[in-house]
Amino acid sequence: MTSDKGRKMITTINPATGESIAEYQFHSPGEVEQRIAAADNAQRLWREKTVAERAALLSRVAEVLRRNQSRYAALITEEMGKPIAEAEAEIEKCATTCEFYTDAGSRYLDDVSVKSNAADSRIVFEPLGIVLAIMPWNYPFWQFIRFAAPALAAGNGALLKHANNVSGCALALEAVFREAGAPEGLVSTIMIDASDVAGVLADERVAAVTFTGSTGVGKVIAAQAGSLMKKQVLELGGSDAFIVLPDADIELAAKIAVKARFANTGQSCIAAKRFIVHESVADRFVALFCAGVEALKVGDPTHRDTQIGPMARGNLRANLHSQVERSLHEGAVLLTGGREKEGKGNYYLPTVLDRVRPQMTAALEETFGPVAAVIRVRDEQEAIAVANATEFGLGAAVWTGSPEHGYAVARHIEAGAVFVNGLVASDARLPFGGIKQSGYGRELGEFGIREFTNIKTVWIGPAI
């Protein structure tokens, strides 16, 4: 959209009603330059702060998030349709992650002494500079905080280019850090068109980029950053396997499976998407799973009892329905759902497809919405082979009565994280990221805080 003065505009739309929420102007080239310059100045001062001083900011950020939790959650729900209870949980997770790095950041950034032929040799961790964060809409606060908390603790600055449909959240995040007392410009939102991202990334003051989103866009950003020799962390698509072995607690597995697939209306890269079930327990699992899916409350995301809200955009819903129709044409069996909900909003009914085979659309492509694909297998070896028969490698789950056996199976799964008898989720204490077409690099944990640092060797002689 363009204003009367020719300035490009962003209009945010409530996905539950189709009504316009607000309009925002794209920043002009001059305004973008001002924000990059401010970030550069702020980061040069910020890097000289002690880790304890940086950690104190994160503690205050956590306080601001909790103090305004209701307002921020309502904004998330309005802009992208997340059920309000989940939106509130998202803000709390942001706060707890900031607190984690308040306490743990220093030990992850302490010098590491290494014995060598030097009188003293050690590894030090120094910030890279400004990191361009290109973030998606599905967890509009969490995706940024997940990157920003460790990156700022390490001494970096952040430029946020958020998805346009959550522009209000983008500006709110900038305000969070301002209210918490961050140096002016250290965390700054730039509202630009996707076509202008390459120019910002090419700016010599921008040291690195982090991107969460589709694999296709990730490849473009990787090529641009690679040509500039700039560090990248890419968290891309996923088609996570949820393996159910014969000795699993089937009732518990089916119960968790509903949450694993349909949280955030299924719009999550680490949602379970392919349910790979041993044929000896498949009928029972599918019956329990479908019963749980059909009990989900679909409705107004502002209502506290709603579990499935609208999809974030109409084109996303249309693409998801196309994937369902193609899968049915290929031989999948529809057990429940499979259609749009009548009335206003981008609603799609929770859907379960059975008898899916690995070569079908629902197994090959990432289904980013409330659709589950059940794949029946003959044995454990086939389960592992099917789990790995994907271009993605983000997360996976294994359900079994033997945790030790689950660990052994997990070692054969090609993914950045495998959870045994549990819900796949990001955790500030553990590294998060993928392999294959799901990207590279890690966020969170000890490894995440070091991603945007210069891991420098300091050798002090004389040799001994």
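Which residue forms a salt bridge with R304? Select R304 and look across to E88: the closest N and O atoms of the two are 2.8 Å apart. E88 sits in helix α4, whereas R304 belongs to the loop between α10 (279-294) and α11 (314-329), so this pair ties together parts that are 216 residues apart in sequence. R304 is exposed, with a relative accessible area of 53%. Keep in mind as you click around that this is a predicted model.

**Zoom out: the whole chain**

Show the protein chain as a cartoon and you'll have 15 helices and 20 strands on screen. With a radius of gyration of 23 Å, close to the 23 Å that the globule rule gives for 464 residues, the chain is as compact as a globular protein of that length. Turn the C-alpha trace along its principal axes and the spans come to about 70 × 65 × 40 Å.

Now colour by burial. Of the 464 residues, 55% count as buried. Switch on the surface and you're looking at about 18,800 Å² of accessible area, 53% of which belongs to carbon and sulfur atoms. If you draw contacts with a separation of 6 or more, 70% of them come from residues 24 or more positions apart.

Colour by charge next. There are 48 positive and 55 negative side chains, and the centres of the two sets lie 2 Å apart.

**Back to the salt bridges**

The count for the model is 29 salt bridges. Go back to helix α4 and pick E92, whose side chain meets that of R66 at 2.9 Å, N to O. E92 lies in α4 (residues 84-109) and R66 in α2 (residues 51-67), so here the pair ties together parts that are 26 residues apart in sequence. Both ends are partly exposed: E92 has a relative accessible area of 28%, and R66 has 33%.

Next stop, R326 and E365. Their closest N and O atoms are 3.0 Å apart, in another salt bridge. R326 is in helix α11 and E365 in the loop between α12 (361-364) and β14 (371-377), so to speak a link between distant parts of the chain, 39 residues apart. R326 is partly exposed at 29% relative accessible area, and E365 is partly exposed at 31%.

For a cluster, select E33, D203 and R205 together: salt bridges that share partners join them into one network.

**Next door to R304: H303**

Which loop holds H303? The one between α10 and α11. H303 counts as partly exposed at 44% relative accessibility. Add P83 to the selection: its C-alpha atom is 7.4 Å from that of H303, although the two are 220 residues apart along the chain.

**Two buried strand residues**

Select K273 in strand β11 (residues 272-278). Is K273 buried or exposed? At 0% relative accessibility, it counts as buried. Show what surrounds K273: leaving aside neighbours within four places in sequence, its contacts are G238, S239, D240, R261, S268, E366, T367, A372 and A373.

Then jump to T453 in strand β20 (residues 453-460). T453 is buried too, with a relative accessible area of 7%. Beyond its neighbours within four places in sequence, T453 is in contact with L109, F125, E126, P127, L128 and A154.

**Backbone oddities**

Switch to sticks for the backbone. Most residues other than glycine have a negative phi, and most peptide bonds are trans. The next three stops depart from that.

Follow the chain past β20 to P462, in the segment after that strand. The peptide bond joining G461 and P462 is cis, with omega about 5°.

M229 is in the loop between α8 (215-227) and β9 (231-235). Its phi is near 60°, a positive value in a residue other than glycine. M229 counts as exposed, at 75% relative accessibility.

Last, select N264 in the loop between α9 (250-262) and β11. N264 also has a positive phi, about 55°, although it is not a glycine. Where M229 is exposed, N264 counts as buried, at 0% relative accessibility.

Definitions and conventions:
Residues are numbered from 1 along each chain as its sequence is written. This is a predicted model: local features need pLDDT of at least 70, side-chain atom pairs count only at pLDDT 80 or more; totals for chains, interfaces and linings use all residues. Side-chain values use heavy atoms; hydrogens and water are left out. Helices (H or I, at least four residues) and strands (E, at least two) are DSSP runs, numbered from the N terminus. The radius of gyration is taken over C-alpha atoms; the globule rule is 2.2 Å times the number of residues to the power 0.38. Buried means under 20% relative accessible area, exposed over 50%, partly exposed in between (1.4 Å probe, protein chains only). Contact means heavy atoms within 4.5 Å. Accessible areas come from the Shrake-Rupley method with a 1.4 Å probe; for residues, only the protein chains shown count as cover. Lys and Arg count as positive and Asp and Glu as negative; His and the chain ends are not counted. The place of a charge is taken as NZ of Lys, CZ of Arg, CG of Asp or CD of Glu. A salt bridge is a side-chain nitrogen of Lys or Arg within 4 Å of a carboxyl oxygen of Asp or Glu.
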